[in-house]
Each structure stands twice: as structure tokens, then as C-alpha cells.
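Trainee: Could you take me through one part of this chain closely, setting it first within the whole and then following what surrounds it?

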Amino acid sequence: NAELIYGRFPAKNLKIKELMLKSGYFVSETSFIVTLNNLKSFNLPSIYSRRKIDVSILNTSEYHEVAEISKDMFNHSRFHEDPFIPKNHANDRMSLWVKDLANQNVTCLVNKSTSGAIISFMIFKVVGSNAVELILGGSKKGHELHSPFFWGSVINYLKESNYSKVSTTISAANSGVLSLYQSLGFKITEVNIDYHKHVKPVT
């Protein structure tokens with residue numbers, strides 16, 4: 001009784017592409033995995049090091065605030081880029097995802113205003129012995145210009161925490177965030193394609 005079937009596969013795998021397209025799937029999102037290796041020897045570019053901001057670890061009880069601001073922050077994801085999924089459904093998914101992550105083995109770094117409200121957040125998990133995967137991050141609507149310096153401060157925090165490698169997944173359509181990661185020294189290491197098939201009409 002599935003209404004939507006989707007999967008993410010390497011873009012270079014033409015056999016999978018052929019099978020998916022012949023089976024009625026369409027391409028919803030192309031994404032990049034970007035990686036920063038040798039974090040311990042990495043030097044934060046001066047444009048970010050001059051404007052480092054405070055980051056702290058979010059308490060689990062505060063994830064509901066991140067879930068709330070996540071409702072209207074995002075324009076790019078495998079569901080936001082599916083033209084057959086209403087944007088409000090894609091937005092709800094982001095908020096529910098944060099609530100789900102609150103119950104998993106992850107850490108959330110935040111920057112807060114002087115009043116204690118969350119401005120920016122980054123949820124990550126430790127992979128293997130000494131690497132980090134950034135899962136979801138952003139800045140509250142209206143504070144997008146804050147993001148580059150928050151991102152730089154997050155990378156600096158991870159370096160000072162003695163992690164050796166950082167990676168994340170970015171939509172290829174999100175050129176602004178891709179440029180931000182590239183300015184921080186990240187390199188594209190993999191390209192993936194999301195295929196979607198709507199078995200039942202979206203309402």
C-alpha cells in the first residue's frame with residue numbers, strides 16, 4: 001500500500017539509472033557528498049576565523065524548538081525537490097525528522113541570541129572512531145546571513161574536539177550552501193541521484 005517509493009543511488013551507475021527510469025521512476029534530487037579530510041591540520045579561512053561565534057551543545061529537551069523553526073527553513077531536500085509533494089508536507093517532514101533525531105545518538109550544536117532563542121543549529125553524528133557526519137543544519141528564517149559564520153564556528157569546534165574528518169550531503173540545487181562548504185575546504189567525493197515513484201496520487 002505504499003504511496004511513494006524512493007531510493008538513492010550513485011549517479012555513475014547507469015544500470016540502476018536504466019532500470020529505475022524503465023520502471024517508472026523519475027529523478028527528484030541530485031546530491032553531493034562533500035568531505036573535509038585532515039581536519040586536525042585544517043586552518044579556518046580568515047573570513048571565518050575573524051568572526052567566530054559561540055556554539056554550544058543543545059539539551060535534548062530543547063529539540064522541540066529546533067523542530068519548530070525547521071518547519072519553514074528549507075527549500076532543498078529529496079522531498080522539497082519532488083514537484084508532486086506539496087511544500088507543506090516536505091516542511092512537516094523536516095520538523096518530524098528533527099523530533100526523531102532527538103531520540104537518536106546525535107549531537108546538536110547551536111548558536112543562541114542574547115534572549116536564549118536558537119538562531120542556528122547543526123545536528124551531527126560520530127561515524128567510526130574519529131569522523132563526523134553532519135546530518136541537518138540551518139539558520140532560522142530571516143537569519144540566513146548568519147549561516148556562514150556559524151558553519152565556520154562549527155567546523156572550528158569539531159577541530160578543537162579532535163575529530164579528523166567531516167562529511168555531509170548537499171543538494172546539487174542548493175548552490176549557495178555548496179559554495180559555503182567549498183569555501184571551507186570541502187571537496188565533492190560522491191554524486192548520488194534520488195529516484196521517486198508515486199504509486200498513488202499525492203493529495
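Mentor: In this predicted model, the chain has six helices and eight strands, and along the sequence these follow the pattern β-α-β-α-β-α-α-β-β-β-α-β-α-β. The C-alpha atoms fill a box of roughly 50 × 35 × 30 Å along the principal axes. For 203 residues a compact globule would have a radius of gyration near 17 Å, and the chain, with 18 Å, agrees with that expectation. Buried residues make up 41% of the 203 residues. Among the contacts with a separation of 6 or more, 76% are between residues 24 or more positions apart.

The part I would look at closely is helix 5, which runs over residues 147–160. Its 14 residues, at 1.5 Å a residue, should span 20 Å, and the end C-alpha atoms are indeed 20 Å apart, so the length agrees with the expectation. Of these 14 residues, 10 are buried, and helix 5 is therefore largely enclosed by the rest of the structure. The buried residues are Ser-147, Phe-149, Phe-150, Trp-151, Gly-152, Ser-153, Val-154, Ile-155, Asn-156 and Leu-158. As background for reading such a list, an α-helix has 3.6 residues a turn, so residues three or four places apart point the same way.

Tyr-157, which also lies in helix 5, has a relative accessible area of 24% and is therefore partly exposed, since buried would require a value under 20%. Not counting residues up to four places away in sequence, Tyr-157 touches Val-55, Ile-57 and Leu-109. Phe-9, by contrast, is 148 residues from Tyr-157 along the chain, and the C-alpha atoms of the two are separated by 32 Å.

Just after helix 5, the backbone deserves a careful look at Asn-162, which takes a positive phi of about 70° although Asn-162 is not a glycine. Most residues other than glycine have a negative phi. Asn-162 sits in the loop between helix 5 and strand 7. A second case is Asn-38, also a residue other than glycine, where phi is positive and near 50°. Asn-38 belongs to the loop between strand 2 and helix 2 (46–49), and with a relative accessible area of 58% Asn-38 is exposed, the cut-off for that class being over 50%.

From helix 5 one can move on to strand 6 by way of Val-132, which is placed in that strand and counts as buried at 2% relative accessibility. Leaving aside neighbours within four places in sequence, Val-132 is in contact with Phe-124, Lys-125, Leu-158, Tyr-163, Lys-165, Val-166 and Ser-167. One of these, Leu-158, is among the buried residues of helix 5. Another, Ser-167, is 35 residues from Val-132 in sequence, while the C-alpha atoms of the two are 6.5 Å apart in space.

Helix 5 and strand 6 also come together in the description of the largest pocket, in which about 1,100 Å³ of space lies. The elements that give two or more residues to the lining of that pocket are strand 2 (26–36), helix 4 (87–101), strand 5 (118–127), strand 6 (131–139), helix 5, strand 7 (165–171) and helix 6 (175–183). Strand 6 provides the largest share, seven residues. In total 40 residues line the pocket, and those nearest its centre are Phe-74, His-76, Leu-136, Gly-137 and Asn-174. By class, the lining has 16 nonpolar, 14 polar and 10 charged residues.

To set another part of the chain beside helix 5, consider Leu-4, which is placed in strand 1 (residues 4–10). Leu-4 has 25% relative accessibility and counts as partly exposed. With neighbours within four places in sequence left aside, Leu-4 is in contact with Phe-79, Asp-82, Ile-85, His-196, Lys-197 and His-198. Ile-85 is 81 residues from Leu-4 in sequence, and the distance from C-alpha to C-alpha is 10.0 Å.

Returning to the part you asked about, helix 5 is largely enclosed, because 10 of its 14 residues are buried, it gives two or more residues to the lining of the largest pocket, and just after helix 5 comes Asn-162 with its positive phi.

Terms used
Residues are numbered from 1 along each chain as its sequence is written. This is a predicted model: local features need pLDDT of at least 70, side-chain atom pairs count only at pLDDT 80 or more; totals for chains, interfaces and linings use all residues. Side-chain values use heavy atoms; hydrogens and water are left out. Helices (H or I, at least four residues) and strands (E, at least two) are DSSP runs, numbered from the N terminus. The expected span of a helix is 1.5 Å times one less than its number of residues. Buried means under 20% relative accessible area, exposed over 50%, partly exposed in between (1.4 Å probe, protein chains only). On a 1 Å grid over the protein atoms alone, a cavity is a set of points where a 1.4 Å probe fits but cannot get out, and a pocket is an open set with protein on both sides within 12 Å along at least five of seven lines; lining residues have an atom within 4 Å of a point. Grid points are joined across faces, edges and corners, and a volume is the space filled by probe spheres set on the points. Ala, Val, Leu, Ile, Met, Phe, Trp, Tyr, Cys and Pro count as nonpolar, Asp, Glu, Lys and Arg as charged, and the others, Gly among them, as polar. The radius of gyration is taken over C-alpha atoms; the globule rule is 2.2 Å times the number of residues to the power 0.38. Contact means heavy atoms within 4.5 Å.
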